[in-house]
Amino acid sequence: MELPQDSAGRTRMDRVIWFILLLGSLFSLYLVLHPFTPLSRFNIDVLDQVQLRRATHVLLLLVAGYLITSRLPAGRRTPGSWVFALLTLPFLYTFWVPNAPGVSIPLVNKLVATLAWALAVLPVLLPSLRRRADVAAALLAIAPWAYQVRYYEELVYRAVIPAPWDITMSFTVIVLVLGLVARLLGPVMPSLVLIFLTYNMYGHYVPGTFQGARNGIDLILGKAYNETEAGIYGLITGVSAKYIVYFTILSGLIGALGLGKVVANIALSLVGRTPQTPGRVTGIASVFMGMFSGSGAADTQFVATLTKPLYEKAGYERMTAAGLVATAGTIALITPPVLGSIAFVMVEILQISYLWVVVMALGPMLLYLLGILTFNEFYTRKAKLPPVGADIGLGRRYALRYSTIFIPILLIVAMLFLGSEVSTAVYLASLAFVVLCYIDPTLRPPALSEAMRSPAYRLGLPLGIGLAAGGALLPLLLGWNLGNVPVLPATLAVLGLLVGTFFYPAAASGQLREALRPIAQGLVDGFRQLIPIGTAIVAANLIFGMMVITGLPAKFSIFLGQVSGESLLLATLVTAVFSLILGMGVPPTATYVLTASLTAPAIIKIAAANFQGYGLEQQQAVLAATLATHMFLFYYAVLADVTPPVALSGYAAASVFKTNPILTGVYAARVALAKYIIGFFFLLSFTGTGLLVLPVLQNVPGLEGWLIILERFFFTAAAIVFLAAATVGYTRRTLRRWESWAMGVLSLALFYPYPSLWMPLIPFALGLLFFLKKEPRQRPKTQAAD
């Protein structure tokens with residue numbers, strides 16, 4: 001859900017929300033600097049203890065989130081709301097009547113927990129209560145955080161046998177998180193969390209393979225609140241606090257600085273004036289925006305707004321245009337270097353380098369883009385659309401002129417390659433974006449440009465240079481810890497440059513607030529964008545923790561092995577369908593967490609045995625199978641964002657093109673149909689992992705490894721072209737129906753990773769036959785086809 005922007009501080013509550021959002025961003029940014037500042041010597045728990053940093057992050061999400069939802073329209077009650085509310089009742093009942101002998105919870109604790117339940121759940125059923133209840137929920141969220149800060153050391157030692165107030169605070173924070181997720185993302189995901197909670201408490205009543213143990217509510221709530229890595233403040237919540245917040249801040253700054261329009265114009269300047277221009281701009285702009293944001297729905301909304309006039313001018317069928325944009329928007333989630341939150345969860349679960357994920361994601365992203373562009377190419381040729389382009393003159397010089405905005409992205413990649421922390425790399429890239437925009441006279445805020453024409457600028461420039469030099473040298477002169485990357489000297493140098501060169505002339509001209517506004521607004525928007533993602537990640541951490549307690553992944557792996565008969569193809573097919581169905585109501589991150597926890601062990605086991613047949617040793621086969629399996633699950637979790645009936649990118653495109661959201665999702669699924677097939681062939685044989693590059697290079701060095709990679713990319717690209725032609729029904733001429741089906745079958749044959757490098761040449765040669773015959777020349781049409 002994209003939260004609305006603030007209302008420019010019209011009311012006191014709006015200003016409070018704005019301040020809390022700003023505080024959330026500043027707190028996260030300061031954590032990058034903290035190890036190098038004098039405060040690091042004082043052992044401040046909230047800043048130094050990982051668990052408390054995460055707890056503070058969750059607090060800021062809850063407080064800001066509930067205050068924002070208190071300002072939103074009340075909405076309406078749905079059947080899903082009733083399901084969510086009913087699923088909370090076993091949780092509340094078990095708190096009042098514990099299911100473990102000897103557990104006694106005082107009445108006052110029960111009343112506090114019931115208050116938290118009422119504030120979180122009842123407004124979902126009675127929307128008229130939301131305004132006051134959500135403000136009260138935001139205030140109540142402070143209690144579990146304050147309790148955690150006060151008793152942190154004691155809590156660590158009593159996770160298994162918690163005190164009554166421990167489990168009360170655990171209940172409170174859990175139900176508040178679920179209530180906020182229900183408001184922002186709908187009732188499906190919180191309902192799923194509650195199903196896992198209920199299974200943990202009453203799983204012994206489930207018959208057969210999935211019968212679980214009877215876990216007392218004291219154990220469940222104690223571990224959820226006190227456990228260091230599997231609890232609510234655990235490993236996956238750490239992804240939001242350690243990675244995602246910095247990318248959303250970066251995205252917020254880019255939006256506030258007005259760089260989105262520049263990125264879009266660069267895409268327009270690169271494609272020229274052709275019938276394919278709208279689709280090409282859509283694909284290229286989506287990739288460019290994906291480098292900065294990693295948000296599928298947000299990028300879809302932006303690109304749809306940008307390209308809609310072009311689609312209308314060219315005469316695209318409206319549903320096809322919306323489907324193209326929805327499909328392209330989702331590419332942000334697999335576009336390096338930002339990717340999406342799933343990539344960081346994978347890094348934490350597998351304990352691998354983020355650069356590994358970036359390398360493995362690059363191939364699928366390029367193939368995904370190829371599917372979009374080839375569909376667009378065949379569609380425009382078949383419809384005989386007229387050439388269109390930008391209304392303003394945008395040439396290659398424009399792209400070269402503003403190519404500097406990609407320097408911070410290159411900085412992120414370079415720092416990751418050198419082994420820097422992701423948060424440090426993105427933090428420095430954010431500083432670089434601000435400096436670039438304020439230095440460039442065509443990008444800086446208009447009020448600042450006016451101030452810099454004043455006499456004060458004559459002093460401002462040398463002052464800025466002096467302050468920048470002083471800021472860079474200060475930590476060195478004082479003997480502070482500089483670390484491997486001099487992030488504190490860089491920060492002080494940038495601040496000195498901004499203060500002297502830009503803010504001093506702005507202050508002298510009475511324009512300081514206008515000069516600071518883009519930076520402050522970017523920080524506010526960045527944390528605002530994080531709230532739906534961050535709360536979903538915290539809820540996913542709850543699911544992860546519940547599965548750790550029950551051992552459900554092992555049971556599900558046995559079940560998957562039985563269903564598939566140890567067939568890798570069937571296991572992969574079942575998992576793909578499970579992931580797509582799950583993604584209909586659950587965000588991509590939670591979809592990945594669930595499928596990775598439940599299905600990955602079984603698939604890795606089967607795939608590793610398959611890979612050993614290629615000649616790999618067991619350890620090599622397991623590593624390659626692990627990487628390929630998790631990339632497969634990552635890829636299919638992303639596809640859920642564009643798969644009907646619940647496709648967030650489809651809804652975003654439909655809102656701009658004024659189309660039916662469900663039908664838009666259907667068209668989005670049809671566009672670049674190959675996207676549903678590519679992921680299968682990461683796994684079906686070891687050569688299929690050539691699309692991920694890394695597993696092959698790790699195990700088959702030299703020319704042989706590169707031949708596998710090049711062969712896979714060549715024939716997969718050909719398969720995508722053939723499938724796009726079959727879907728549209730056009731090559732160099734309109735295809736008969738049987739020809740489209742034949743090309744579809746040949747494309748599937750090309751997708752398959754054969755053991756021999758020469759076997760795919762047969763379907764490739766047969767497919768080329770359909771491109772030999774050209775459509776008879778006709779007199780040109782005077783108007784675009786419908």
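This is a short talk on the packing, a few selected residues and the backbone exceptions in one predicted model.

I'll start with the core. The largest nonpolar core has 274 residues, and Ile174 and Tyr438 are those with the most contacts inside it. Helix 25, residues 512–550, gives this core its largest share, 17 residues.

Take tyrosine 438, then. What is tyrosine 438 in contact with, leaving aside its neighbours within four places in sequence? The list is Leu257, Arg444, Pro445, Leu448, Leu498, Phe502, Phe503, Ala515, Pro518 and Ile519. For context, nonpolar side chains in soluble globular proteins tend to be buried together.

Next, helix packing. Two packed helices are described by the angle between their axes and the distance between the axes. Helix 25 packs with helix 1, residues 12–33, at an angle of about 90°, and the axes are 8 Å apart. That makes helix 1 roughly perpendicular to helix 25. On the helix 1 side, the contact is made by Trp18, Leu21, Leu22, Gly24, Ser25, Leu26 and Leu29. Helix 25 contributes Ala520, Gln521, Leu523, Val524, Phe527, Arg528 and Ile531. By class, the residues of this contact are 10 nonpolar, three polar and one charged. 

Now helix 28, residues 588–598. How many of its 11 residues are buried? The count is 11 of the 11, so helix 28 is largely enclosed by the rest of the structure. Among the buried residues are Pro588, Thr589, Thr591, Tyr592, Thr595 and Ser597. 

Tyr592 leads to histidine 630. Histidine 630 sits in helix 30, residues 618–639. Is histidine 630 buried or exposed? Its relative accessible area is 5%, so histidine 630 counts as buried. The side chains of histidine 630 and tyrosine 592 are joined by a polar contact of 2.7 Å. Leaving aside neighbours within four places in sequence, histidine 630 is in contact with Met346, Ile349, Leu350, Tyr592, Ala596, Ala600 and Ile604. Two of the residues just named, Tyr592 and Ala596, are buried residues of helix 28.

A second side-chain pair involves threonine 69, which lies in helix 3, residues 50–69. Threonine 69 has 0% relative accessibility and therefore counts as buried. Which side chain makes a polar contact with the side chain of threonine 69? That partner is aspartate 134, at 2.7 Å. Not counting residues up to four places away in sequence, threonine 69 touches Arg130, Asp134, Leu180, Arg183 and Leu184.

On to the loops. Serine 420 is in the loop between helix 20, residues 407–417, and helix 21, residues 422–439. Serine 420 is at 17% relative accessibility; the cut-off for buried is under 20%, so serine 420 counts as buried. Beyond residues up to four places away in sequence, serine 420 touches Met415 and Val485. For a distance to check in the viewer, serine 420 and threonine 248 are 19 Å apart, C-alpha to C-alpha, with their positions 172 residues apart in sequence.

Proline 38 is in the loop between helix 1 and helix 2, the latter being residues 45–48. Proline 38 is partly exposed, with a relative accessible area of 30%. How far are the C-alpha atoms of proline 38 and proline 73 separated? The separation is 45 Å, for two residues 35 apart along the chain.

Last, the backbone. Most residues other than glycine have a negative phi, and most peptide bonds are trans. There are exceptions to show here.

Proline 336 and proline 337 are joined by a cis peptide bond, with omega about 0°. Proline 337 lies in the loop between helix 16, residues 318–329, and helix 17, residues 341–350.

Glutamine 351 is not a glycine, yet its phi is positive, near 55°. Glutamine 351 is in the loop between helix 17 and helix 18, residues 354–383. With a relative accessible area of 60%, glutamine 351 is exposed.

Lysine 384 also has a positive phi, about 55°, without being a glycine. Lysine 384 is located in the loop between helix 18 and helix 19, residues 396–401. Its relative accessible area is 35%, so lysine 384 is partly exposed.

That is the end of the list.

Conventions: Residues numbered from 1 in each chain as written. Predicted model: local features only at pLDDT ≥ 70, side-chain atom pairs only at ≥ 80, totals over all residues. Heavy atoms only, no water. Core = buried A, V, L, I, M, F, W, Y, C linked by side-chain atoms within 4.5 Å. Buried < 20%, exposed > 50% of the residue type's maximum accessible area, 1.4 Å probe, protein only. Helix = DSSP H or I, 4+ residues; strand = E, 2+ residues; numbered from the N terminus. Contact = heavy atoms within 4.5 Å. Axes fitted to C-alpha atoms, helices over the stretch in contact; angles between N-to-C directions. Parallel < 35°, antiparallel > 145°, perpendicular 65-115°, else oblique. Nonpolar A, V, L, I, M, F, W, Y, C, P; charged D, E, K, R; others polar. Polar contact = N/O pair within 3.5 Å; in protein donor to acceptor, adjacent residues only side chain to side chain.
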